[in-house]
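Visitor: I am new to this structure and would like to learn how to read it with some care. Could you show it to me and then take me through its features one at a time?

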Amino acid sequence: MRIKVRFFASLRERLGRSEVICEVPPHATVSMVWEVLLCEHPELAAIERSLAFAVAQEYVDKGHPLQDNDELAIIPPVSGG
Amino acid sequence: VQAVKSKVPAVVDEQQRMSCRITNDPIDLQELSDFVVDPSAGALATFVGMTRNTNDGRQVILLQYECYAGMAEKEMAKIAVSALTRWPITKIAMVHRLGRVDIGEASVAIAVSSGHRQAAFAACQYAIDQLKATVPIWKKELYEGGELWIGSQTETAGAWLHTQEGRKR
């Protein structure tokens, strides 16, 4: 299935793009998409602990199951205010 | 012909007790006060976050904000609903600005009304603390000699994201 992954702020600038489409098997979780991203960008492993994940605009943990055409946002530390 | 400014609509609940908005325009505090003012409310507390000219010893030139559109408003609305549940407040309004914000301008504002002042103060503090912790908004600081996404440098593992610092503009 097809997952749209979105990047913001520092992450977007560092990766040089704001989104990417990931193909993953049915019943994949956030973790599995993350593994796909790590293959392409191994340097992401260093910042993993500082990131949060959101699916359909709600914070989720990495075990969250995905559905086809879900939007997964990778959220670097927020700094509003 | 008068130009009509297109405004991003606020997320407002059915009872009109909360209003949450992301805006590209300068913040109008009066607009927030007007939303929360109520005949039953004897207190109106406001908080306004302003851009400061120094941060961690850096001379800040301006700030640039971006958000995850849609989710940012939803997270703000959650905070407003939570404040309405936890304190006996009458109404709450929150707004956060995006894009370029010059020094001395407001980047965020919150207004809370309540029967008595304690609840308004407490809910207002809660709302800004929560906003800074959970709402997907990011600020980039442009300072003398470089630029930096705030937040990414506070994590020990964030060094990789931190490489923008010191980059000459």
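Guide: Let us begin with confidence, since this is a predicted model: pLDDT is the predictor's confidence in each residue, on a scale from 0 to 100.

Visitor: What is the mean pLDDT of chain B, and what share of its residues reach 70 or more?

Guide: For chain B the mean comes to 89, and 85% of the residues have a pLDDT of 70 or more. Two stretches call for caution: over residues 155–160 of chain B the pLDDT stays under 50, although the model has 13 contacts beyond four places in sequence for them, and over residues 162–169 of chain B it also stays under 50, with 22 such contacts in the model.

Visitor: Which values does the predictor give for the complex?

Guide: The complex receives an ipTM of 0.96 together with a pTM of 0.90.

Visitor: How many residues does each chain bring to the contact?

Guide: Chain B contributes 36 residues and chain A contributes 29 residues, and the area buried between the two chains is about 2,800 Å², with carbon and sulfur atoms giving 55% of that area.

Visitor: How many salt bridges does the rule find across the interface?

Guide: The rule finds four between chain B and chain A; one of the salt bridges links Lys78(B) with Glu58(A), whose closest N and O atoms lie 2.6 Å apart. Counting polar contacts between the chains, with both residues at pLDDT 80 or more, gives 19 residue pairs.

Visitor: Which elements of chain B supply at least two residues to the side that touches chain A?

Guide: They are strand S5 (58–67), helix H2 (71–86), strand S8 (106–114), helix H3 (117–134), strand S9 (137–143) and strand S10 (146–149) of chain B. By residue class, that side of chain B divides into 17 nonpolar, ten polar and nine charged residues.

Visitor: Turning to chain A, which strands pair with strand S3, and in what sense?

Guide: Strand S3 (residues 52–55) of chain A runs antiparallel to strand S5 (residues 71–75) of chain A, the two being joined by four bridges, and in this pairing Ala52(A) stands opposite Ile75(A). S3(A) also pairs in the antiparallel sense with strand S4 (residues 58–60) of chain A, over three bridges, where Val55(A) stands opposite Glu58(A), the residue that forms a salt bridge with Lys78(B).

Visitor: What lies between the strands in the hairpin of S3(A) and S4(A)?

Guide: Two residues lie between these strands, and in this hairpin Ala56(A) takes a positive phi near 50 degrees.

How values were computed. Residues numbered from 1 in each chain as written. Chains lettered and ligands numbered in written order. Predicted model: local features only at pLDDT ≥ 70, side-chain atom pairs only at ≥ 80, totals over all residues. Heavy atoms only, no water. Contact = heavy atoms within 4.5 Å. Buried area = accessible area lost by both parts, 1.4 Å probe. Salt bridge = Lys/Arg side-chain N within 4 Å of Asp/Glu carboxyl O. Polar contact = N/O pair within 3.5 Å; in protein donor to acceptor, adjacent residues only side chain to side chain. Nonpolar A, V, L, I, M, F, W, Y, C, P; charged D, E, K, R; others polar. Pairing = 2+ DSSP bridges.
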